[in-house]
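Visitor: I'd like a close look at one part of this protein. Could you walk me through the sheet, strand by strand, and then show me what sits around it?

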Amino acid sequence: MRKIYFALFIAMLLCVGCEFKLKPNDDDNDASHVRIERYDRLESRYLITGDFSALQQMNTEFPIETRTLVEKMLQIGEVSDHDINERFLRFYQDSTLQTIITDAESEYANMDDLNKELSQSLQQLKDWLPDMPIPRVYAQIGALDQSIVVGDKLIGISLDKYMGAKYPVYKEFGFSREQLSSMGRGNIVPDCLSFYLLSLYPMANYDQRTQLEKDLHMGKVMWVVNKALGKNFFRTTYVSIVDRYMHKHPSVTYQQLLASDDYSAMK
């Protein structure tokens with residue numbers, strides 16, 4: 001018996017030591033672990049204080065996120081360029097961007113509400129769409145360009161685009177009233193879900209499709225997001241059309257709706 005207990009004890013220590021390395025495989029099907037990773041905090045430390053250790057963490061712990069920010073969003077060069085760190089730092093020395101960084105870190109000091117809504121809605125989507133990969137989600141600070149960046153099982157949230165309709169800095173950039181209405185905290189999770197679903201269910205032959213078909217495709221995604229959120233966040237004519245269609249066709253699954261390329265029954 002002592003040998004059995006000893007063997008179990010050793011096995012338990014090994015599991016603790018390796019932090020249950022089998023668990024990540026389970027996490028692929030479980031959205032309850034999803035939390036917004038605070039890449040923005042490392043970014044802020046480097047860009048405000050010049051803390052080189054923060055830059056090292058960005059490059060080692062978030063290499064894909066850093067490459068996406070530097071090369072695709074800011075377009076200031078390649079991460080392999082010998083002077084890219086200095087270029088990256090100089091880019092954000094603009095007084096307006098420095099203000100945005102500070103304000104964003106203050107506004108989003110706590111993300112518990114977003115983490116809860118995001119994990120719950122992603123889990124609901126996973127229940128309906130079993131093959132959907134659970135994404136990693138991170139926050140960053142861009143340069144008032146893209147709101148959401150989607151990659152392979154990755155969602156990036158640009159906090160600078162979600163500072164609220166009344167954020168003073170936005171006045172300098174001429175955003176329309178319609179744009180400002182979608183630039184608040186409450187839009188983050190709906191936008192994450194929408195852009196992620198669009199990446200998983202792109203419209204085939206997009207350039208050859210009619211505007212109505214494009215609008216209905218977006219309407220399908222918004223309708224599913226509304227259901228995942230448990231509220232009618234998106235309210236458009238095309239969401240209403242999809243809603244009527246689904247009421248008339250209760251046997252159509254969410255996966256079938258998103259994957260379908262036939263819009264004739266909705267027109």
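Guide: Sure. One definition before we start: two strands count as paired if DSSP finds at least two bridges between them. Keep in mind, too, that this is a predicted model.

With that in hand, the sheet is an open one of four strands, in the order β1-β2-β4-β3, and its pairing is mixed. The edge strands are β1 and β3 (148-151), each of which pairs on one side only.

Let's go across it in that order. β1 (residues 36-37) runs parallel to β2, and two bridges join them. If you want to find that spot on screen, look for E37, whose bridge partner in β2 is Y138. On to the next pair: β2 and β4 (residues 154-158) also run parallel, with five bridges between them. Here R136 has L154 in β4 as its bridge partner. Then the direction flips, as β3 and β4 run antiparallel, joined by four bridges. L154 turns up again on this side, as the bridge partner of G151.

Now stay with β2 for a moment. Of the five residues in this strand (residues 136-140), four are buried, so β2 is largely enclosed by the rest of the structure. In a regular strand, side chains alternate between the two faces of the sheet.

Two helices are worth picking out around the sheet. Helix α3 (residues 39-49) lies across β1 and β2, and runs at about 30 degrees to β2. Helix α5 (residues 63-73) lies across β2, β3 and β4, at about 50 degrees to β2.

While you have the side chains switched on, have a look at the aromatics as well. The structure holds 10 aromatic pairs. In one of them, the rings of F91 and Y92 have centres 5.4 Å apart and planes at 70 degrees, so this pair is edge-to-face. F91 is partly exposed, with a relative accessible area of 31%, whereas Y92 is buried at 0%. Another pair, W223 and Y254, has ring centres 5.5 Å apart and planes at 25 degrees, so it counts as stacked. W223 belongs to helix α11 (residues 211-229) and Y254 to helix α13 (residues 254-259), so the pair ties together parts that are 31 residues apart in sequence. Both W223 and Y254 are buried.

Back to F91 and Y92: ring pairs link them with Y46 and F88 into a cluster.

How values were computed
Residues numbered from 1 in each chain as written. Predicted model: local features only at pLDDT ≥ 70, side-chain atom pairs only at ≥ 80, totals over all residues. Heavy atoms only, no water. Buried < 20%, exposed > 50% of the residue type's maximum accessible area, 1.4 Å probe, protein only. Contact = heavy atoms within 4.5 Å. Axes fitted to C-alpha atoms, helices over the stretch in contact; angles between N-to-C directions. Phe/Tyr/Trp six-rings, centres within 6.5 Å; stacked < 30°, edge-to-face > 60°.
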